[in-house]
Amino acid sequence: MVGEFISLFCCLLCASAFILIPYFSEDKNTPISFWSGDYSLKDKVNNVEAYNREMKKLYLGYGISFIINGIMFLISLIIGVILLVINCTIGIFVIYIIYKKILKKYYK
């Protein structure tokens, strides 16, 4: 039972990072970046407020997926591990695809 709670705690830590990213980058004039240290988005994004709104939804959705994953650890350790592997591999790929669509939508 201790392993399930440790896994839940780890998932909640990951979720908090993805949920807090948009709130710490809430500056309306600076686009929220997908890659750490990417400062080239100022020249690429034409509607920063709408872009930031969609990026906020993207990060919040991914954070919520980690919260759900943590709850699944309490239900079943095996299901939690399988979902975590899917969330960290296929999930990040899906997030990247969605990011590219958002960037293409607001590209200058």
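Is S7 buried or exposed? In this predicted model, S7 has a relative accessibility of 18%. The cut-off for a buried residue is under 20%, so S7 counts as buried. S7 is found in helix 1. Leaving aside residues up to four places away in sequence, S7 touches F73 and L77. The side chain of S7 also has a polar partner. One of its polar atoms lies 2.8 Å from the backbone oxygen of G3.

Aromatic rings were examined next. A search of the whole structure finds 10 aromatic pairs. One of them joins F18 and F66. The centres of these two rings are 5.9 Å apart, and their planes meet at 5 degrees. Planes under 30 degrees apart count as stacked, so the F18 and F66 pair is stacked. F18 lies in helix 1, which covers residues 2–24. F66 lies in helix 2, which covers residues 48–75. The pair therefore ties together parts that are 48 residues apart in sequence. F66 is buried, with a relative accessible area of 3%. Ring pairs also link F18 and F66 with Y59 and Y62 into a cluster.

F34 and Y99 form another ring pair. Here the ring centres are 4.6 Å apart and the planes are at 15 degrees, so this pair is stacked. F34 lies in the loop between helix 1 and helix 2. Y99 lies in helix 3, residues 77–105. The two rings therefore tie together parts that are 65 residues apart in sequence. Both F34 and Y99 are buried.

The loop that holds F34 also holds I32. I32 is buried, with a relative accessible area of 3%. What surrounds I32? Residues up to four places away in sequence aside, I32 touches P22, S25, L41, Y51, N52, M55 and Y59. Y59 also belongs to the ring cluster with F18, Y62 and F66. I64 was compared with I32 by position. I32 and I64 are 32 residues apart along the chain, and their C-alpha atoms are separated by 19 Å.

Helix 3 was then traced from end to end. Helix 3 has 29 residues. From its first C-alpha to its last, helix 3 reaches 40 Å. This is close to the 42 Å expected at 1.5 Å a residue. Where does helix 3 bend? The bend is at G91, by about 35 degrees. G91 is also one of the buried residues of helix 3. The others are G80, N87, I95, Y99, I102 and L103. An α-helix has 3.6 residues a turn, so residues three or four places apart point the same way. Several buried positions fit that spacing, among them N87, G91, I95 and Y99. What covers the buried residues of helix 3 includes helix 2.

Charged side chains give a further link. Side chains of opposite charge can pair when their charged atoms come close. How many salt bridges does the structure hold? The structure holds one salt bridge. The side chains of E54 and K105 meet in it, at 2.8 Å from N to O. E54 lies in helix 2 and K105 in helix 3, so this pair ties together parts that are 51 residues apart in sequence. K105 counts as exposed, at 53% relative accessibility.

Note on methods: Residues are numbered from 1 along each chain as its sequence is written. This is a predicted model: local features need pLDDT of at least 70, side-chain atom pairs count only at pLDDT 80 or more; totals for chains, interfaces and linings use all residues. Side-chain values use heavy atoms; hydrogens and water are left out. Rings of Phe, Tyr and Trp (its six-membered ring) pair if their centres lie within 6.5 Å; planes under 30 degrees apart count as stacked, over 60 as edge-to-face and the rest as tilted. Helices (H or I, at least four residues) and strands (E, at least two) are DSSP runs, numbered from the N terminus. Buried means under 20% relative accessible area, exposed over 50%, partly exposed in between (1.4 Å probe, protein chains only). The expected span of a helix is 1.5 Å times one less than its number of residues. The bend at a residue is the angle between axes fitted to the seven residues ending there and the seven starting there. Contact means heavy atoms within 4.5 Å. A polar contact is a pair of N or O atoms within 3.5 Å; within protein, one must be able to donate a hydrogen and the other to accept it, and residues adjacent in sequence count only if both atoms are side-chain atoms. A salt bridge is a side-chain nitrogen of Lys or Arg within 4 Å of a carboxyl oxygen of Asp or Glu.
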